[in-house]
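Colleague: Before we look at this together, could you explain how each label is earned, setting the value beside its definition?

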Amino acid sequence: MSEVFYQKFQSLFQREQIRIKEPLSKHTTFQIGGPADLFLLPEDEKQIAGAIKLCKEENVPFFILGKGSNLLVSDKGYQGVIIKLAENFSRIEIEGNKVTAQSGASLSDMAACIADSSLAGFEFASGIPGTLGGAVTMNAGAYGGEMKDIVTDATVLDVNGNIRFLEKDELRLGYRKSIIQEEHMVVLSASLHLEKGNKEEIKAAIAELTRKREEKQPLENPSAGSTFKRPEGYFAGKLIMDSDLRGYKVGNAQVSIKHCGFVVNNGGATALEVYTLIQDVIRIVYEKQGVRLEPEVRLLGEF
Ligand SMILES: Cc1cc2nc3c(=O)[nH]c(=O)nc-3n(C[C@H](O)[C@H](O)[C@H](O)COP(=O)(O)OP(=O)(O)OC[C@H]3O[C@@H](n4cnc5c(N)ncnc54)[C@H](O)[C@@H]3O)c2cc1C
């Protein structure tokens with residue numbers, strides 16, 4: 001990436017919003033990933049749109065990052081521009097039954113504000129360690145709820161750089177998918193409709209779901225949550241366990257002993273180790289159970 005290219009960003013961003021060769025291991029829950037050529041922390045829509053426009057003009061690839069909680073980034077990093085939409089772009093507004101937030105708002109911060117406003121229906125998302133943008137893009141879900149149930153609309157940037165307002169139906173939210181992924185859009189903000197509830201009951205429900213997560217999930221190790229999508233009619237974790245892969249290791253990557261649906265980093269695992277383990281699990285489960293697992297975790301960079 002040329003010096004001239006870097007300089008173009010300096011007119012759009014403050015010095016502290018631009019990082020060169022930033023290790024992506026600092027920005028993923030797996031704690032894995034090599035450096036990004038350029039790493040940006042935009043604070044408004046103008047900066048986001050401007051950065052994307054520059055990347056397109058210069059033919060440099062870019063990637064929108066949230067909290068990196070569903071990502072496996074290559075050890076070689078990313079040869080392009082990472083645009084992180086998280087704490088730097090995270091305003092939350094609540095008016096009556098409507099919640100609108102910028103896409104970088106964390107689901108846990110939103111859950112706390114929403115509970116304080118006595119609104120019910122967001123409890124399921126409280127323990128998902130991602131951003132609103134990531135959750136809309138992935139149609140994140142847990143414990144019987146999913147974003148599709150509560151999202152009413154989103155404001156997005158389309159591939160041509162136009163800001164568009166999409167109604168829920170236009171978002172085409174399905175199992176861990178949306179139009180955002182299909183058409184390479186960027187979520188700028190989204191709105192939710194929630195019902196009035198009892199604050200104490202909402203907080204108790206969140207506490208109960210947190211307890212369940214802590215009991216069932218290997219939260220003590222870095223991971224990206226459920227590594228595989230749920231195949232229709234099956235549970236990925238059970239298929240993996242029934243294939244005798246509980247605790248299966250490649251280097252420092254391991255199929256969690258606590259929950260076989262999670263691949264964990266035991267400390268110092270490389271992306272290649274996690275990737276190899278994922279491929280091994282897919283092959284062995286297919287040989288033993290005849291079901292082909294598909295990764296839920298998204299890959300970024302060269303593998
Ligand atoms: C311990 C643990 C538990 C988890 N539990 C659950 C669970 O119960 N349910 C569940 O569904 N998931 C779960 N996950 C996975 C993950 O948290 C979700 O998929 C989450 O929605 C990802 O959000 P993120 O901000 O981290 O996205 P990232 O991982 O940063 O990105 C994921 C994808 O979304 C895209 N993206 C992110 N932000 C935007 C944006 N603003 N505009 C356009 N595209 C964007 C990225 O380009 C990428 O393709 C878990 C993960 C962990 C580590």
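Modeller: What follows goes through cysteines, unusual backbone angles and the surroundings of the ligand.
This is a predicted model, in which local features need pLDDT of at least 70 and side-chain atom pairs count only at pLDDT 80 or more, while totals for chains, interfaces and linings use all residues. Residues are numbered from 1 along each chain as its sequence is written, and side-chain values use heavy atoms, with hydrogens and water left out.

Colleague: How many disulfides does the rule give?

Modeller: A disulfide is a pair of cysteine sulfur atoms within 2.5 Å, and by this rule the count is zero.

Colleague: Why is C260 called buried, and what is C113 called?

Modeller: Buried means under 20% relative accessible area, exposed means over 50%, and partly exposed lies in between, using a 1.4 Å probe and protein chains only. C260 has 6% relative accessibility, so C260 counts as buried, whereas C113 has 32% and therefore counts as partly exposed.

Colleague: What makes the phi of N59 worth a remark, and is N59 buried or exposed?

Modeller: The phi of N59 is near 60°, which is a positive value in a residue other than glycine. N59 sits in the loop between α2 (45-57) and β3 (62-65), where helices (H or I, at least four residues) and strands (E, at least two) are DSSP runs numbered from the N terminus. With 70% relative accessibility, N59 counts as exposed, because that value is over 50%.

Colleague: Where is S118 found, and why is S118 called buried?

Modeller: S118 is in the loop between α3 (107-116) and β8 (119-120), and S118 also has a positive phi, about 55°, although it is not a glycine. Its relative accessibility is 17%, so S118 counts as buried.

Colleague: Which residues come nearest to the ligand?

Modeller: A residue is near a molecule if one of its heavy atoms lies within 4 Å of it, and of the 36 residues around the ligand, I64, G66, S69, T131 and G141 come nearest. The largest share of this shell, five residues, comes from α4, which spans 132-138.

Colleague: How do you know that T137 makes a polar contact with the ligand?

Modeller: With the ligand, a polar contact is a pair of N or O atoms within 3.5 Å, and a polar side-chain atom of T137 lies 3.2 Å from a nitrogen atom of the ligand. A backbone N or O atom of I64 lies 2.6 Å from an oxygen atom of the ligand, a value that also meets the cut-off of 3.5 Å.

Methods
Polar contact = N/O pair within 3.5 Å; in protein donor to acceptor, adjacent residues only side chain to side chain.
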